[in-house]
Amino acid sequence: MSHTRLWIAAAIIAAVIVVGFVLTVPHTTEAPRSVQTQEAAPAPTVSIRDSYKKGTHTLTGSVLAPDACTTIAAEASLAGGTTSPAILVALTTTPASGVCLELPTSLPFKVTVSAPAKAAIQTTLNGALASTTP
């Protein structure tokens, strides 16, 4: 093989590399892509079931978490006094610290509280008011 053929082959390979680089690298004249703004997230939904027996409410339910490694803590308290008693269920989730598969998972909880039979139930999730479904 002659030196001329080697130089022509090297020039063709170099041209392919340069053209590929020019086509794949973003240019400074391109306008930056707009960042999609997230809409306000709706209130999280908590599924809850109330069982009343002898002055005690047993509240069981679940809330959807972003992954299975998230933990949940639940506390129930009575508020509102005697005129309009309400049961406040405060749910707190703690995100996982480490590697976890991001697969939405239902986290169950159970709390008990002494309250009148017709007490309303309000739920918060990480301090924000949550909507409840039976």
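This section describes the fold, the sheet, the disulfide and selected residues of a predicted model.

The protein chain has one helix and seven strands. Along the sequence, these elements follow the pattern α-β-β-β-β-β-β-β. The chain holds 134 residues, and 18% of them count as buried. It exposes about 10,200 Å². Carbon and sulfur atoms supply 62% of that area. Contacts between residues at least 6 apart in sequence were also examined. Of these, 72% join residues at least 24 apart.

Helix α1 covers residues 3-24. Its 22 residues should span 32 Å at 1.5 Å a residue. The C-alpha atoms at its ends are 32 Å apart, which agrees with that expectation. The number of buried residues in α1 is zero, so the helix lies largely in the open. Burial here requires a relative accessible area under 20%, and none of the 22 residues of α1 counts as buried.

The seven strands form an open sheet with mixed pairing. Their order is β3-β4-β6-β7-β1-β2-β5. Strands β3 and β5 are the edge strands, each pairing on one side only. From one strand to the next, the twist averages 30°. Strands of a sheet pair through backbone hydrogen bonds, either parallel or antiparallel.

Strand β7 (residues 128-133) illustrates the mixed pairing. It runs parallel to strand β1 (residues 45-53), and three bridges join the two. In this pairing, T45 stands opposite S131 of β7. The bridge partner of V46 in β7 is T132. Strand β7 runs antiparallel to β6, again with three bridges. Here L125 stands opposite A128 of β7.

Strands β6 and β7 form a hairpin with two residues between the strands. N126 lies in the loop of this hairpin. Its phi is near 55°, a positive value in a residue other than glycine. N126 counts as partly exposed, at 47% relative accessibility. K54 also has a positive phi, of about 55°, although it is not a glycine. K54 sits in the loop between β1 and β2. At 80% relative accessibility, K54 counts as exposed.

Two buried residues were examined within the sheet. T123 belongs to strand β6 (residues 120-125). Its relative accessibility is 1%, so T123 counts as buried. Residues up to four places away in sequence were set aside in listing its contacts. On that basis, T123 touches V46, I48, V89, L91, A128, L129, A130 and T132. Among these contacts, V46 and T132 are themselves bridge partners. A128, another contact of T123, stands opposite L125.

V111 is placed in strand β5, an edge strand of the sheet. V111 is nevertheless buried, with a relative accessible area of 7%. V111 touches H57, T58, L59, A74, E75, A76 and V89, not counting residues up to four places away in sequence. One of these contacts, A76, is 35 residues from V111 along the chain. The C-alpha atoms of V111 and A76 are separated by 6.2 Å. V89 appears in the contact lists of both V111 and T123.

The model contains one disulfide. C69 and C100 form it, with their sulfur atoms 2.1 Å apart. The link is right-handed, with 90° about the S-S bond. It connects distant parts of the chain, as C69 and C100 are 31 residues apart. C69 lies in the loop between β2 (56-65) and β3 (71-79). C100 lies in the loop between β4 (86-94) and β5 (105-114). A disulfide is a covalent bond between the sulfur atoms of two cysteines. Both cysteines keep some exposure: C69 is partly exposed, with a relative accessible area of 36%, and C100 is partly exposed, at 22%.

How values were computed:
Residues are numbered from 1 along each chain as its sequence is written. This is a predicted model: local features need pLDDT of at least 70, side-chain atom pairs count only at pLDDT 80 or more; totals for chains, interfaces and linings use all residues. Side-chain values use heavy atoms; hydrogens and water are left out. Helices (H or I, at least four residues) and strands (E, at least two) are DSSP runs, numbered from the N terminus. The expected span of a helix is 1.5 Å times one less than its number of residues. Buried means under 20% relative accessible area, exposed over 50%, partly exposed in between (1.4 Å probe, protein chains only). A disulfide is a pair of cysteine sulfur atoms within 2.5 Å. Contact means heavy atoms within 4.5 Å. Accessible areas come from the Shrake-Rupley method with a 1.4 Å probe; for residues, only the protein chains shown count as cover. Two strands pair if DSSP finds at least two bridges between them. Axes are lines fitted to C-alpha atoms, for helices over the stretch in contact, and angles run from 0 to 180 degrees between N-to-C directions.
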